[in-house]
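Dear colleague,

I am passing on the structure below, and I would be glad if you read the notes that follow with it open beside you.

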Amino acid sequence: MLRSLLSVPADRPEDFDAARSAGADGLCFDLEDAVPVAEKAKARSVVAHVLESWRSPVPLWVRVNAVDSGLCADDLDAIARPALAGVQLPKAESAEDVRTVDRLLAGHERARSLGPGSIGVIATIESARGLLDVLEVATAAPRVVALMPAIGAGGDLQRDLGYVTTDDERGMLHARSRVVLAARAAGIVPLDGVHVDVGLVGFERSATAARRLGFRGKKVFHHEHVEPANRIFGDEGDSSQDRT
């Protein structure tokens, strides 16, 4: 279970030690939106070095670039190493996106003597198309272990669906509920996306709403969000259907 998955910009190695000591259930190095295009190759090498050299007490994940970005294959080649728990796949719009990543990872697992299927995938839903086909995304490959809606204000999903962000997050209800339903039907874990405001009151309100909808954890981008996420999602509830 990942009650809290802390996002770590991959181009800021000076922050890595603080992230490692933040108490999150997992760390997710971000090679996508957090890193400018000109810095992506360098950030990729930094993360590869971390995966080779760190002895981490928590799972290490990497958010790679989207399949259609032209960068995803290079990301996977660099990070497919024994210490990698899995990848967060952004903009998972179709089952074919997931299968493409599955094929690439399977090739790296064979070439590097890693266990078949040992690298998991968190598929992130960021568009109307992805939300419509979310069950197909969830079941596209056995290595998909979790689904996550990218619900943050100003993100791709909000722009695509056009919902309004309010304190009660009512506009996100359909997207969140559809992701939970698909994840549970597929027997995988529903993880809520980041709450973009730093304030703890708003974060706790958002995390509590997500927990009541059925989410089992949350991705966070700020160290101060780790403790409340761990607390709010601490009761695992009925996880008998989860593969993780």
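Which residue just after α4 takes a positive phi? Ser 113 does, with a phi of about 55 degrees.

Please keep in mind that this is a predicted model, in which local features need pLDDT of at least 70 and side-chain atom pairs count only at pLDDT 80 or more, while totals for chains, interfaces and linings use all residues. Residues are numbered from 1 along each chain as its sequence is written, and side-chain values use heavy atoms, with hydrogens and water left out.

Helices (H or I, at least four residues) and strands (E, at least two) are DSSP runs, numbered from the N terminus. Helix α4 covers residues 95–111, and its 17 residues should span 24 Å at 1.5 Å a residue (taken times one less than the number of residues), which agrees with the 24 Å between its end C-alpha atoms.

Buried residues of α4 (under 20% relative accessible area, with exposed over 50% and partly exposed in between, for a 1.4 Å probe and protein chains only) include Val 98, Val 101 and Leu 105. The buried residues cover an arc of only 165 degrees around the axis (from the directions to the C-beta atoms), so they lie on the same side of α4. They pack (heavy atoms within 4.5 Å) against α3, β4, β5, α6 and β6, whereas the face turned away from the buried side carries the exposed residues Arg 110 and Ala 111.

With best regards
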